[in-house]
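Here are some exercises to work through with the model open beside you. Try each task before reading its solution.

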Amino acid sequence: MRNLIFSEAYKLLKQSKTYYALAAIFVIEIIILFSAYSQGQSVLDLLLDNLKNSFHFEGNLLNGNLLSYLILNTLWFHLPLILIVIISGTLTSEYKDRTLLSVMLQPVSKWKFILSKYIVAIVFTLLIVFFLALTTFILSYSIFGKGDLIVYLDTLNFFESSDAFYRIMWAFTVGAISMVFFSVVSLTLAIIFEEATKTWILGAFFLIVSNLLLKVNFDNYVLDNWLYVKLNDTWQYLFYYAIPWDKIYLNTVILIIYTIITMVFGIIIFTKKDVN
Amino acid sequence: MMRQILFIYLTSVCFLNGQNIDENVLRIQQRMETIQTFTANVTLDVDISFVNIPEKEARIEYIKDQETKVFSEDFILIPKKGLDVSMHQLFKNPFITVDRGEELRNGYTYKMVNIIPTDKKADFSIATALVDTIRHRIVEYEINTKKDGTYIVKMSYDKDTAILPDNLEVEFEIERIRIPLKYMGKDAQVDKSTYKSNAPKTGIIYLNFNYSNITYQKKTN
C-alpha cells in the first residue's frame, strides 16, 4: 500500500499539469492583488458609505488582511476548479495512456490502487491549500502590511489585525476540507466517466451547480443545513463576529462523512469495473 | 398714556433680553476658552446595530483654534461631533440663547437653553443644552446640524471642578447599510422588512477620556 501511495505521488509530481496548476494559483493571487490595489478603495468606500456621515476614519483598511480575505474567496470557485482538473487528470490520463491496464496486469489490488489515488489526491489538495495560504500571507503582508479587516456578513464586522490573521488561518484550514471534498468527487467522476473532457465538464458542472444551490433556500431544515452544498461555505462562518464553533465542527464532520461515502462509492465502482 | 409707555418699555426689554446670551452659557464659554491644549487617551466603543467593531483606543491632541488630531495604530471610527469636548463647535460662531426653563435628569435639575447661531456660516441651526448652573458646565446637548443630522451628546464628569468631560455618549442617526448582496462574504440572511425600511437607525458611541497635559490660559489683570 505504501509503495502504491509513493508511486501515485511520484506520478502526480512528474506530470506537468501539477506545475501548471501551481502557477495558475500563483497568477490568480497576483491578479487579485493588482485588482485590489486598483479597486480596493472603491470597494471600501461602498462598504463604509453609510458611516461617512457620522464618522471620520483613521487607519488603513486596504491592507494585507483584506487582501488575504479576498484571495481566500478563491475557495468559492477558482481553486476547486483547478483541483478538479488536476485530480481527475491523475486517473483519466492513465485511462487514456493505457498505463492503468499495465498496472492492473500486475499483482495489484484494485481497491488498494484506487485508495492510494484518493489518499494522494487528499494530501495533494491539503498541500495546495497550504501553498495558497502561505503565498497569500507572504504576498499580502509584504506588499500591503497589516491592519484591521472589514468583512460584510449580514453586518459590517471589523476584526483587529491579530484576530483577522487567526480567522483567515482557520478559514483556510476549514476551507481545505471543502477542497478535499471536491477533489474526491472529481476523482470519483473520473472513475465513472474515464474520459478527461467529460470528467472536466461534469466536474465544472458539479461545482457550478453547488455554488448555485448554495444560494437556494429550501425551507427544509435537513436540506438547508446538511445538504453538501450548504457545508462547502463553512469557512465563511469564521468571519461572523462571534464564531459559531459548534456549527463549524458539525458541518466539518458531516462533510468529512460525505467525502468518505464518495470515496467508498468510487472504490466500489472501480473494483467492479473492467479496465480496458 | 403711562400704561402704553410702560407696555412698550417692558416689551422692548423682554425682546432685547431674549437676544442676550444666557449668563450661565457665557460663563461656560469663557471657562472653555481658557483651555489652550490637552492630550487624552480615548477608548471608543461603537454601538450600531449593523456594525460590529471591538473597543478601540486612540490618542487625541487638542490645540485651541486648531483641528483636533487623532492618532491610533488601529482602524477607528471617529464621531464627527463627539470629540469636540471643548464645545468649540457650539461657541465658534456668534449666537443667541433662549431660556427654555428647567429639566430634571437623574435627580438633578438643569437649565435648558437653546443656542442659536446668528451667523449663516454655522454648521448647525439650533442646539439645546442642559446646563449645570452650580458646576458651570454643560451635561447634555442636542445639536441639529445642517449636513450631518441630529446628534445628542451626553457628558459626565468625574470631579465637581472638572471642565472637560471624562465620559461621553454620542447618539446619532444613521441609515441602514445598503450594499449589493454577496458583495463580500457568505450569503447574507436578508430581513426584507429591514431592507425596505427607510427609517434611519440610531447609533451610539461611548468615549472615555483620560486627560493629560491640560494647559490653561493665564489670567491677565
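## Exercise 1: two unusual backbone angles

B:N106 sits in the loop that connects β6 and β7 of chain B. This is a predicted model, and every angle below is computed from it.

**Task.** What is the sign of phi at B:N106, and is this residue buried or exposed? Then find where A:R98 is placed in chain A and treat it likewise.

**Solution.**
1. As background, most residues other than glycine have a negative phi.
2. B:N106 is not a glycine, yet its phi is positive, at about 50°.
3. B:N106 counts as exposed because it has 7 C-beta neighbours inside 10 Å, and the cut-off for exposed is 12 or fewer.
4. A:R98 lies in the loop between α4 (78–97) and α5 (99–104) of chain A. Its phi is near 65°, again a positive value in a residue other than glycine.
5. Around A:R98 there are 11 other C-beta atoms within 10 Å, so A:R98 is exposed.

## Exercise 2: walking across a sheet

**Task.** Write down the strand order of the open sheet in chain B, and say which strands are its edges.

**Solution.**
1. The ten strands follow the order β4-β3-β1-β12-β11-β10-β9-β8-β7-β6, with antiparallel pairing.
2. The edges are β4 (69–71) and β6 of chain B, each of which pairs on one side only.
3. Ignoring direction, neighbouring strands in this sheet are turned by 20° against each other on average.
4. Now check some pairs. Strand β1 (residues 35–47) of chain B runs antiparallel to β12 (residues 201–216) of chain B, joined by eleven bridges; B:D45 has B:Y206 as its bridge partner in β12(B).
5. β1(B) also pairs with β3 (residues 56–63) of chain B, through eight bridges in the antiparallel sense. Here B:T37 is matched with B:I63 as bridge partner.
6. Further along, β9(B) and β10 (residues 150–156) of chain B share five antiparallel bridges, with B:I152 as the bridge partner of B:E142.

## Exercise 3: a helix with two sides

**Task.** Which residues of helix α2 (residues 23–32) of chain B are buried, and what do the buried residues pack against?

**Solution.**
1. B:N24, B:V25 and B:I28 are buried. They lie on the same side of α2(B), because they cover an arc of only 100° around the axis.
2. On the other side of α2(B), B:E23 and B:Q30 are exposed.
3. The buried residues of the helix pack against β6 (95–105), β7 (108–117), β8 (124–132) and β9 (137–145) of chain B.

## Exercise 4: where the chains meet

**Task.** How many residues does each chain bring to the contact, and which element of chain B gives the largest share of its side?

**Solution.**
1. Chain B contributes 30 residues and chain A contributes 29 residues.
2. On the chain B side, β2 (51–52), β5 (76–79) and β11 (167–174) each supply at least two residues. The largest share, four residues, comes from β5(B).
3. By type, the chain B side divides into 18 nonpolar, six polar and six charged residues.
4. Strand pairing crosses between the chains too: β1 (residues 55–58) of chain A and β5(B) pair antiparallel over four bridges. A:E58 has B:I76 as its bridge partner in β5(B).

## Exercise 5: testing an annotation

**Task.** UniProt's unreviewed entry lists "transmembrane region" spans in chain A, including residues 200–218 and 248–270. What does the model show for residues 248–270?

**Solution.**
1. Residues 248–270 of chain A are 100% helix and 0% strand, with end C-alpha atoms 33 Å apart.
2. Residues 200–218 of chain A are 79% helix and 0% strand, and the end C-alpha atoms lie 28 Å apart.

Key:
Residues are numbered from 1 along each chain as its sequence is written. Chains are lettered from A and ligands numbered from 1 in the order in which they are written. This is a predicted model: local features need pLDDT of at least 70, side-chain atom pairs count only at pLDDT 80 or more; totals for chains, interfaces and linings use all residues. Two residues are in contact if their C-beta atoms, placed from the backbone, lie within 7 Å. Ala, Val, Leu, Ile, Met, Phe, Trp, Tyr, Cys and Pro count as nonpolar, Asp, Glu, Lys and Arg as charged, and the others, Gly among them, as polar. Two strands pair if DSSP finds at least two bridges between them. UniProt positions are given in the numbering used here, feature names are shortened, and annotations may be inferred rather than shown by experiment. A residue is buried if 20 or more other C-beta atoms lie within 10 Å of its own, exposed if 12 or fewer, and partly exposed in between; C-beta atoms are placed from the backbone. The arc is that of the directions from the helix axis to the C-beta atoms. Axes are lines fitted to C-alpha atoms, for helices over the stretch in contact, and angles run from 0 to 180 degrees between N-to-C directions.
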